Amino acid sequence: MLNVPSQCFPAPSSQQRSASGGRSKVPLKQGRSLMDWIRLTKSGKDLTGLKGRLIEVTEEELKKHNKRDDCWICIRGFVYNVSPYMEYHPGGEDELMRAAGSDGTDLFDQVHRWVNYESMLKECLVGRMAVKPAIPKGSHEGKKVLNGMLPKSPVTDPLPKEGPSSPSYDWFQTDSLVTIVIYTKQKGISLDSVIIDHQGDSIRAEVIVKDYSYLLHIELCHDVQEDFSVRVIENVGKIEIILRKRENTSWKCLGRPLENDNSLIPKKDRGLCYRKCQLISKEDVTHDTKLLCVMLPPSTHLQVPVGQHVYLKLTITGTEIVKPYTPVSDSLLSEFKEPVLMNNKYIYFLIKIYPAGLFTPELDHLQIGDFVSVSNPEGNFKISRLQELEDLYLLAAGTGFTPMVKIMNYALTYLPSLRTMKLMFFNKTEDDIIWRSQLEKLACKDKRFDVEFVLSASTSDWNGKQGRISPALLSEFLKTNLDKSKVLICICGPTPFTEEGIKLLHDLNFSKDEIHSFTA
């Protein structure tokens with residue numbers, strides 16, 4: 001039997017929307033939109049040419065299917081006939097043909113790793129690559145029951161020497177509590193490095209250790225309460241997960257290891273985990289942008305690190321659609337809005353609604369109390385880039401403002417070295433400016449902060465800056481007080497904006513180490 005790939009998206013190796021620029025789109029013919037493709041996949045038409053059969057595909061067979069009207073591509077061991085999808089691909093037919101008749105996994109990851117290809121192409125699934133399983137010498141099954149001690153042999157292949165030491169875990173109990181202790185062997189582990197989901201009788205804890213992911217995944221031997229607590233001892237890298245027993249009985253073992261338990265692999269190779277979050281508030285920010293707040297389930301511990309994003313997943317006409325969004329704070333300063341919610345259980349999003357789009361109208365139609373699936377955090381921004389920073393410059397266009405929100409709050413609150421923080425915010429009109437009054441109040445309140453608004457379609461009564469990103473605007477904006485000050489420039493907006501901005505920054509002699517780009 002073939003194992004049809006799980007429809008939990010995006011792809012396991014998803015990363016922050018690439019810092020080196022986004023993918024190019026080509027104009028699609030009339031009737032070739034994403035919704036048109038979804039309709040075609042629901043039509044019952046045979047898109048593989050195999051009349052519903054799934055086959056095993058050899059390398060020799062794959063190589064034969066390398067033409068536009070007969071194009072097979074392998075992604076992560078599964079083969080798809082993408083010929084019917086050619087005219088619907090936003091990146092154009094030529095991009096797909098680069099992987100025709102071959103393994104396109106690496107190319108796919110370079111261009112758009114987060115795209116939910118498994119759902120988009122599920123009706124195009126030909127089958128699985130025929131490969132001989134490689135059995136490592138000395139491999140054997142792990143223990144069936146955990147007694148608090150780790151299996152002596154690693155679950156995964158040995159890590160390269162430059163990787164971190166593999167964590168381990170143990171457990172102990174009292175009459176009413178069970179405490180699982182993870183020893184990461186790394187200093188500086190924080191609460192936002194730990195993601196925990198307690199679902200039914202299982203517990204899944206993922207710990208981010210540098211660029212690696214350590215997973216604890218156990219079916220518990222007895223019932224516990226839904227909620228739990230987490231404690232991190234940063235100076236020794238120890239994590240404690242405290243569970244409350246439903247019955248005050250003594251446990252003879254912790255439970256049974258589940259898939260990938262006690263594994264340490266590169267973070268990009270770990271599949272994302274989703275949990276259903278409840279929409280609890282929705283308010284207008286501009287004429288087309290809304291602030292949404294979702295609540296994590298009580299059985300989840302998740303904090304999104306500064307500069308990282310998550311994926312929101314909705315099922316639309318039977319197809320799972322996934323889009324990346326960067327969480328924001330509920331406001332720029334707490335006194336502008338009374339904090340009525342516990343921060344750690346709520347995630348806020350500033351989302352622009354595109355009436356002709358597929359995903360955001362569905363998101364906008366959600367009612368208070370409805371659910372949306374939220375993934376683990378993803379991204380390559382490191383908070384260490386802000387340490388000892390003196391000058392921080394932020395270039396944002398439209399909703400490219402969203403990654404800047406938490407960066408601004410963090411910098412003004414936790415960076416004693418910060419001398420100046422400046423935001424240049426590009427929009428079409430005054431009505432498009434997100435949180436304008438809050439930004440202006442923040443500039444008045446904190447003398448380290450300054451904001452400049454730039455409009456590309458201003459009215460005659462606009463007295464501020466006009467135009468698009470340009471050498472003249474940037475050279476004036478990026479003046480520093482000291483020649484050798486520690487500088488970071490963050491940029492986010494539509495792909496053309498970001499690419500042009502990075503080019504101009506290099507022309508102004510800023511190095512790669514002084515620039516971090518996000519893609520809106």
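In which helix is Glu59 found? In this predicted model, Glu59 belongs to helix α2, which covers residues 59-64. With a relative accessibility of 52%, Glu59 counts as exposed, since the term is applied to residues with over 50% relative accessible area. Glu59 also takes part in a patch of negative charge on the surface, where it gathers with Glu60, Asp103 and Asp106.

The protein chain as a whole contains 10 helices and 28 strands. Of its 520 residues, 51% count as buried, and the area that the chain exposes amounts to about 25,800 Å², of which carbon and sulfur atoms supply 50%. When contacts between residues at least 6 apart in sequence are considered, 74% of them join residues at least 24 apart.

One example of such burial is provided by helix α1, which spans residues 34-41 and in which Asp36, Trp37, Ile38, Leu40 and Thr41 are buried. The cover over the buried residues of α1 includes α5, formed by residues 117-120, and strand β20, formed by residues 319-325. Thr319 has its place in strand β20, and its contacts, with residues up to four places away in sequence left aside, are made with Ile38, Lys42, Ser119 and Leu314. Of these partners, Ile38 is one of the buried residues of helix α1. Thr319 itself counts as buried, because its relative accessibility is 2%, and the term requires a value under 20%.

Another buried position is found in strand β15, which runs over residues 263-266 and includes Leu264. The relative accessibility of Leu264 is 3%, and the residue therefore counts as buried. Although Leu264 and Pro164 are 100 residues apart along the chain, their C-alpha atoms are separated by 9.0 Å.

Burial is also seen outside helices and strands, as is shown by Gln308, which lies in the loop between β18 (300-301) and β19 (310-316). At 13% relative accessibility, this loop residue is classed as buried. Apart from residues up to four places away in sequence, Gln308 touches Thr326 and Pro327, and it also touches Pro377, Glu378, Gly379 and Phe381.

Two further loop residues were examined for their backbone geometry. Arg76 has a phi near 50°, which is a positive value in a residue other than glycine, and it is placed in the loop between β3 (70-75) and β4 (78-81). Its relative accessible area is 24%, so Arg76 is described as partly exposed, a class that lies between the limit of under 20% for buried residues and that of over 50% for exposed ones. Lys210 is likewise not a glycine and has a positive phi, in this case of about 55°. The place of Lys210 is in the loop that connects β10 (202-209) with β11 (212-220), and because its relative accessibility reaches 58%, Lys210 counts as exposed.

Conventions
Residues are numbered from 1 along each chain as its sequence is written. This is a predicted model: local features need pLDDT of at least 70, side-chain atom pairs count only at pLDDT 80 or more; totals for chains, interfaces and linings use all residues. Side-chain values use heavy atoms; hydrogens and water are left out. Patches are made of residues with over 30% relative accessible area and no salt bridge: like charges are joined within 9 Å, nonpolar side chains (Val, Leu, Ile, Met, Phe, Trp, Tyr) within 5 Å. Accessible areas come from the Shrake-Rupley method with a 1.4 Å probe; for residues, only the protein chains shown count as cover. A salt bridge is a side-chain nitrogen of Lys or Arg within 4 Å of a carboxyl oxygen of Asp or Glu. Lys and Arg count as positive and Asp and Glu as negative; His and the chain ends are not counted. The place of a charge is taken as NZ of Lys, CZ of Arg, CG of Asp or CD of Glu. Helices (H or I, at least four residues) and strands (E, at least two) are DSSP runs, numbered from the N terminus. Buried means under 20% relative accessible area, exposed over 50%, partly exposed in between (1.4 Å probe, protein chains only). Contact means heavy atoms within 4.5 Å.
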